[in-house]
Amino acid sequence: MGKNLAETLLGAVVLAGAVIFLTFAYSKGGLKTVDGYSVVGKFDRVDGLAEGSDVRMSGIKIGTVISQKLDPKTYLAVLTMNVRKDVKLPRDSSARIASNGLLGDKYLSITPGAEDEMLKPGGEISHTQGSVDLLSLVGRMIFSQTGEKKKAADKKDGPN
């Protein structure tokens, strides 16, 4: 019976340690949504950006993407984000979808504008830039290189 009690106590200690670790990781990992005011932005494409993605300014997390939907009239992706209450965005701020490194996670990067008037809760960021399709860029580069080599070879052979 003493052996079962020792195993039970050891299991309880391991579970308590796991709960403490998960709580710490959740609080420090920046996974929770930011309390603040909501702002909307319309983008032509939002590839790789998901609900819960970071909203950053100067590399610092200031908010979270809380929803994304398709506008049925304009066919643009409409992102709604929460921005911290202490961060006020000028009305002419711009937003673009950026990436952590070449193949990293996507996040929304906000560049503040210069106007004195600030966006109100529920306001819209009108200057937006969607995500870049990396595969299309690589494909263009490969095919443009192939085309240039073919043109050079044609010039070298000369007219027949």
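In this predicted model, Asp86 is exposed, with a relative accessibility of 59%. Its side chain meets that of Arg84 in a salt bridge, with an N to O distance of 3.0 Å. Arg84 counts as partly exposed, at 29% relative accessibility.

## Salt bridges

The structure holds seven salt bridges. Side chains of opposite charge can pair when their charged atoms come close. Three of the pairs are set out below.

| Pair | N to O distance |
|---|---|
| Arg84 and Asp86 | 3.0 Å |
| Asp54 and Lys61 | 3.5 Å |
| Arg91 and Glu115 | 3.8 Å |

The salt bridge between Arg91 and Glu115 has an N to O distance of 3.8 Å. This pair links distant parts of the chain, as its members are 24 residues apart: Arg91 belongs to the loop between strand 4 and strand 5, and Glu115 to the loop between strand 6 and strand 7 (124-125). Arg91 is partly exposed, with a relative accessible area of 39%. Glu115 is likewise partly exposed, at 30%.

Asp54 pairs with Lys61, and the closest N and O atoms of the two are 3.5 Å apart. These two residues also belong to a network of salt bridges in which Asp54, Arg56 and Lys61 are linked. Lys61 has a relative accessible area of 22% and is therefore partly exposed, since the buried class ends under 20%.

## Nonpolar core

The largest nonpolar core comprises 21 residues, and those with the most contacts inside it are Val39, Val83, Leu89, Leu108 and Ile110. Two or more residues of this core come from each of strand 1 (36-43), strand 2 (54-57), strand 3 (60-70), strand 4, strand 5 and strand 6 (106-111). Strand 4 provides the largest share, four residues.

Val39 illustrates the surroundings of one of these core residues. Beyond its neighbours within four places in sequence, Val39 is in contact with Leu79, Thr80, Met81, Val83, Leu89, Leu119, Gly123 and Ile125. Val83 and Leu89, both in this list, are also among the residues with the most contacts inside the core.

## Buried loop residues

Two loop residues, Ser93 and Leu49, are considered here.

Ser93 is found in the loop between strand 4 (77-84) and strand 5 (94-99). Its relative accessibility is 0%, so Ser93 counts as buried. The side chain of Ser93 reaches the backbone nitrogen of Gly113 at 3.3 Å. When neighbours within four places in sequence are left aside, the contacts of Ser93 are Ile110, Thr111, Pro112, Gly113, Ile125 and His127. Gly113 thus appears both among these contacts and as the partner of the Ser93 side chain. Ile110, another contact of Ser93, is one of the core residues with the most contacts.

Leu49 occupies the loop between strand 1 and strand 2. At 5% relative accessibility, Leu49 is classed as buried. Apart from neighbours within four places in sequence, Leu49 is in contact with Val65, Gln68, Leu79, Ile97, Lys106, Tyr107 and Leu108. Leu79 is also a contact of Val39, and Leu108 is named among the core residues with the most contacts. In sequence, Leu49 and Ser131 are 82 residues apart, while their C-alpha atoms are 8.6 Å apart in space.

## Positive phi values

Ser58 is a residue other than glycine with a positive phi, near 55°. Its place is in the loop between strand 2 and strand 3. Ser58 is exposed, with a relative accessible area of 72%.

Tyr75 also has a positive phi, near 60°, in a residue other than glycine. Tyr75 lies in the loop between strand 3 and strand 4. With a relative accessibility of 60%, Tyr75 counts as exposed, because the exposed class begins over 50%.

## Nonpolar surface patch

On the surface, a nonpolar patch is formed by Leu102, Leu103, Val132, Leu134, Leu137, Val138, Met141, Ile142 and Phe143, which together have about 940 Å² of accessible area. Ile142, one of its members, is in helix 2 (residues 134-157). The relative accessible area of Ile142 is 45%, so this residue is partly exposed. Patch residues must have over 30% relative accessible area, and Ile142, at 45%, fits that requirement.

Note on methods
Residues are numbered from 1 along each chain as its sequence is written. This is a predicted model: local features need pLDDT of at least 70, side-chain atom pairs count only at pLDDT 80 or more; totals for chains, interfaces and linings use all residues. Side-chain values use heavy atoms; hydrogens and water are left out. Buried means under 20% relative accessible area, exposed over 50%, partly exposed in between (1.4 Å probe, protein chains only). A polar contact is a pair of N or O atoms within 3.5 Å; within protein, one must be able to donate a hydrogen and the other to accept it, and residues adjacent in sequence count only if both atoms are side-chain atoms. Contact means heavy atoms within 4.5 Å. Patches are made of residues with over 30% relative accessible area and no salt bridge: like charges are joined within 9 Å, nonpolar side chains (Val, Leu, Ile, Met, Phe, Trp, Tyr) within 5 Å. Accessible areas come from the Shrake-Rupley method with a 1.4 Å probe; for residues, only the protein chains shown count as cover. A salt bridge is a side-chain nitrogen of Lys or Arg within 4 Å of a carboxyl oxygen of Asp or Glu. A nonpolar core is a set of buried Ala, Val, Leu, Ile, Met, Phe, Trp, Tyr and Cys residues joined through side-chain atoms within 4.5 Å.
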